[in-house]
Amino acid sequence: MGANASQLEKEIGHDQFPSNEHYFGLVNFGNTCYCNSVLQALYFCKPFREKVLDYKAKNKRTKETLLTCLADLFYNIATQKKKTGTIAPKKFIARLRKENEVFDNYMQQDAHEFLNYLLNTIADILQAEKQQGNAKVRTTNQNGDQQQTSKPEPTWVHDIFQGTLTNETRCLNCETVSSKDEDFLDLSVDVNQNTSITHCLRGFSNTETLCSEHKYYCENCCSKQEAQKRMRVKKLPMILALHLKRFKYMEQQNRHTKLSYRVVFPLELRLFNTSDDAYNPDRLYDLVAVVIHCGSGPNRGHYISIVKSHGLWLLFDDDIVDKIDASAIEDFYGLTSDTQKTSESGYILFYQSKE
């Protein structure tokens, strides 16, 4: 099914091939498809790619980190003379295995766990480098005691992926609403059969009544009261990463099973579960990448990704790259029945803001 480099260029057509764009498959180093699929999705999240390449340009020689290895890989893809081909992300995989024992084996790992680890690690590296820079400045102009800021400044990872949820609780006795904000880099949503992403997000923000032994302690009433609780989005990120919770622990079987439910995800998305004081509540999103799980369970199977690039849809399956029609995206919604155990279903969706 795969296209080699020259075939892909023929499929796209010389006139249609975007200038300054490269489509390179990634070599699998023994069950590293979970990593390859996420890297491809992130490479085609343009704001993220630009920041990684910018970091590479500005940091000529720092010690090797997961971020420098990622920057080298992205730079390697972006500066190839050929338009298509294959690249081995050997240095990145070696660094990943060195840094985190979870990934230091040849077993299939969870693509969402890897995405989480990668984004948080990059943010930590950037914050540590910024603090080092600030420390150098402080030593040159030390006039008395220096106050250390407790909360690290946001990085470009936060600028791109971070949104804010607000957890609202309304006391049903005095009507007082208290809210608590929490930041996220991706949203994990429960899935149900024959639904849509919009439905999943609605479930995420459903109002829950706290009663009987779950009553809420209201500061205003100074006692436990019945209350209503709901989670809403207060700040929408530039890139919204949605994780579909397809792996469910089954106590009877003592293992995780895959929910291959059909969940429709549109090419355009507008969130409606925003809070009243939300910043940019009407933000419209474009689907730019999907990480897809193929198989019957979390520890078996395979990951691939589909990405949108300059109006084209491409499928990346490790070292194989194929052009696909937008209509083929429906094949990755999931299954309408559970009779087939193996499915190719959307697992992480990346939506980029149109503004």
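Here are a few worked exercises on the predicted model shown above.

**Exercise 1. Get a feel for the whole chain: find how many helices and strands the chain holds, and see whether its radius of gyration agrees with that of a compact globule.**

Solution.
- Step 1: Count the elements. The chain has eight helices and 21 strands.
- Step 2: Look at the extent. Along the principal axes, the C-alpha trace covers about 70 × 70 × 40 Å.
- Step 3: Compare with the globule rule. The chain has 355 residues, so a compact globule would come out with a radius of gyration near 20 Å. The chain's value is 23 Å, which agrees.

**Exercise 2. Start at β3 and work out which strands it pairs with, and in which sense.**

Solution.
- Step 1: Take β3, residues 163-171, and go to β4, residues 177-184. These two run antiparallel and are joined by eight bridges. To check the register, find L165 and look across to β4, where E182 stands opposite.
- Step 2: Look at the turn. β3 and β4 make a hairpin, with five residues between the strands. Within that turn, E175 has a positive phi of about 70 degrees.
- Step 3: Now try β10, residues 227-235. β3 pairs with β10 too, again over eight bridges and in the antiparallel sense. Here the register check is E168, which has R230 of β10 opposite.

**Exercise 3. Carry on from β10: which way do β7 and β16 run against it, parallel or antiparallel?**

Solution.
- Step 1: Pick up β7, residues 208-210. Three bridges pair β7 with β10, and the sense is antiparallel. One pair to click on is L210 with its bridge partner A227 in β10.
- Step 2: Move to β16, residues 274-279. This time the strands run parallel, with two bridges joining β10 to β16. V233 has T274 of β16 as its bridge partner.
- Step 3: Put it together. β10 pairs with β3, with β7 and with β16.

**Exercise 4. Find what surrounds D286, and which side chain makes a polar contact with the side chain of D286.**

Solution.
- Step 1: Place the residue. D286 sits in strand β17, which covers residues 284-295.
- Step 2: List the neighbours, leaving out anything up to four places away in sequence. D286 touches L267, E268, F350, Y351, Q352 and K354.
- Step 3: Pick out the polar partner. The side chains of D286 and K354 are joined by a polar contact of 3.1 Å.

**Exercise 5. Describe the largest cavity: how much space lies in it, and which elements supply at least two residues of its lining?**

Solution.
- Step 1: Apply the size cut-off. The structure has one cavity of 30 Å³ or more, and the largest cavity holds about 40 Å³ of space.
- Step 2: Find the wall. Residues lining the largest cavity include L26, C33, Y303, F316 and D318.
- Step 3: Assign the lining to elements. α2 (33-43), β18 (302-309) and β19 (312-317) each supply at least two residues. α2 gives the most, with four.
- Step 4: Sort by chemistry. The lining splits into five nonpolar, four polar and two charged residues.

Definitions and conventions
Residues are numbered from 1 along each chain as its sequence is written. This is a predicted model: local features need pLDDT of at least 70, side-chain atom pairs count only at pLDDT 80 or more; totals for chains, interfaces and linings use all residues. Side-chain values use heavy atoms; hydrogens and water are left out. Two strands pair if DSSP finds at least two bridges between them. A polar contact is a pair of N or O atoms within 3.5 Å; within protein, one must be able to donate a hydrogen and the other to accept it, and residues adjacent in sequence count only if both atoms are side-chain atoms. Contact means heavy atoms within 4.5 Å. On a 1 Å grid over the protein atoms alone, a cavity is a set of points where a 1.4 Å probe fits but cannot get out, and a pocket is an open set with protein on both sides within 12 Å along at least five of seven lines; lining residues have an atom within 4 Å of a point. Grid points are joined across faces, edges and corners, and a volume is the space filled by probe spheres set on the points. Ala, Val, Leu, Ile, Met, Phe, Trp, Tyr, Cys and Pro count as nonpolar, Asp, Glu, Lys and Arg as charged, and the others, Gly among them, as polar. The radius of gyration is taken over C-alpha atoms; the globule rule is 2.2 Å times the number of residues to the power 0.38.
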